[in-house]
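Hi,

Here is the structure I promised to pass on. Have a look at it first, and then read on for what turned up.

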Amino acid sequence: MIAAALLALGLSACGGGGGDADTGTPGSTPTPTPTTPTPTPVAGTCDLPNFKQDLLDRINALRASGASCGSSGNFPAVAPVVWNDKLTQAADAHALDMANKNYFSHDSQDGRKFSDRITAAGYTWVAAGENIAAGQATVEAVMSSWRNSPGHCANLMSANFADVGVACRPAASSANTYSKYWVMDLGKAR
């Protein structure tokens, strides 16, 4: 299991209300204060900027260099993987389920395995794998965790995989065990 220290984020907001002096001239219409719209969070990315590209860059840099994955062995350089929307859909559904139900496992609480979820997303595969992580705040942190775990590293380096999809979901509640839930699904299409 890959786990990290919990990250607590505090958000604050300011409400409107009186108390400020009027800076307009009597009888004039006040100039509205421009507001900067709050960006809408992107589902499945924990609202991290450049989520997809950062992941692909880091995954493929590792694959291009080869890696020693500890007890899982040494791996030569392998071909890059490409982003796959169906694998991303499967990864996102599982990350969301774990975040909403506060659990951490490759098996869904309804008994489905990662291979069941990948198939249900419409990805027809001859090889499939999954990496999960929880608590990491950034793409760099989760990739470091996966890189330093022999089994996860072996998945990242496997020449059997050509496609990848990754999702991250924030915890549904401050009572959750982890602040973020990450799922990476890898596959080779039939």
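Ala133 has its bridge partner in β6, and that partner is Trp182. Keep in mind that this is a predicted model. The bridge belongs to the pairing of β4 with β6, which is antiparallel and runs over nine bridges. As for burial, β4 is mostly covered, with eight of its ten residues buried.

Zooming out, β4 and β6 sit in an open sheet of four strands. Reading across, the order is β3-β5-β6-β4, and the pairing is mixed. The edges are β3 (82–83) and β4 (125–134), each of which pairs on one side only. At the β3 edge, the neighbour is β5 (residues 163–170), and these two strands pair in the parallel sense over two bridges. If you want a spot to click on there, try Trp83, whose bridge partner in β5 is Val164.

Now for the helices. Helix α2, residues 85–101, packs on the sheet and touches β3, β4, β5 and β6 (180–189). The direction of α2 makes about 25° with that of β5. Helix α5 (residues 150–157) lies across β4 and β6, and α5 runs at about 140° to β4.

Two loop residues are worth a look as well.

The first topic is His106, which you will find in the loop between α2 and α3 (114–120). Is His106 buried or exposed? Neither, as it turns out: its relative accessible area is 29%, so His106 counts as partly exposed. The side chain of His106 makes a polar contact with the side chain of Glu130, at 2.8 Å. In sequence, His106 and Glu130 are 24 residues apart, while their C-alpha atoms are 7.7 Å apart in space. Leaving aside neighbours within four places in sequence, the residues in contact with His106 include His94, Arg112, Phe114, Arg117, Asn131 and Ile132.

The other is Asn176, in the loop between β5 and β6. Asn176 counts as buried because its relative accessibility is 9%, and the cut-off for buried is under 20%. Which residues does Asn176 touch, not counting those up to four places away in sequence? They are Met98, Ala99, Asn102, Ala171 and Tyr181.

If you only have a minute, start with the sheet order β3-β5-β6-β4, then find α2 packed on the sheet, and finish with the polar contact between the side chains of His106 and Glu130.

Cheers

Definitions and conventions: Residues numbered from 1 in each chain as written. Predicted model: local features only at pLDDT ≥ 70, side-chain atom pairs only at ≥ 80, totals over all residues. Heavy atoms only, no water. Pairing = 2+ DSSP bridges. Contact = heavy atoms within 4.5 Å. Axes fitted to C-alpha atoms, helices over the stretch in contact; angles between N-to-C directions. Buried < 20%, exposed > 50% of the residue type's maximum accessible area, 1.4 Å probe, protein only. Polar contact = N/O pair within 3.5 Å; in protein donor to acceptor, adjacent residues only side chain to side chain.
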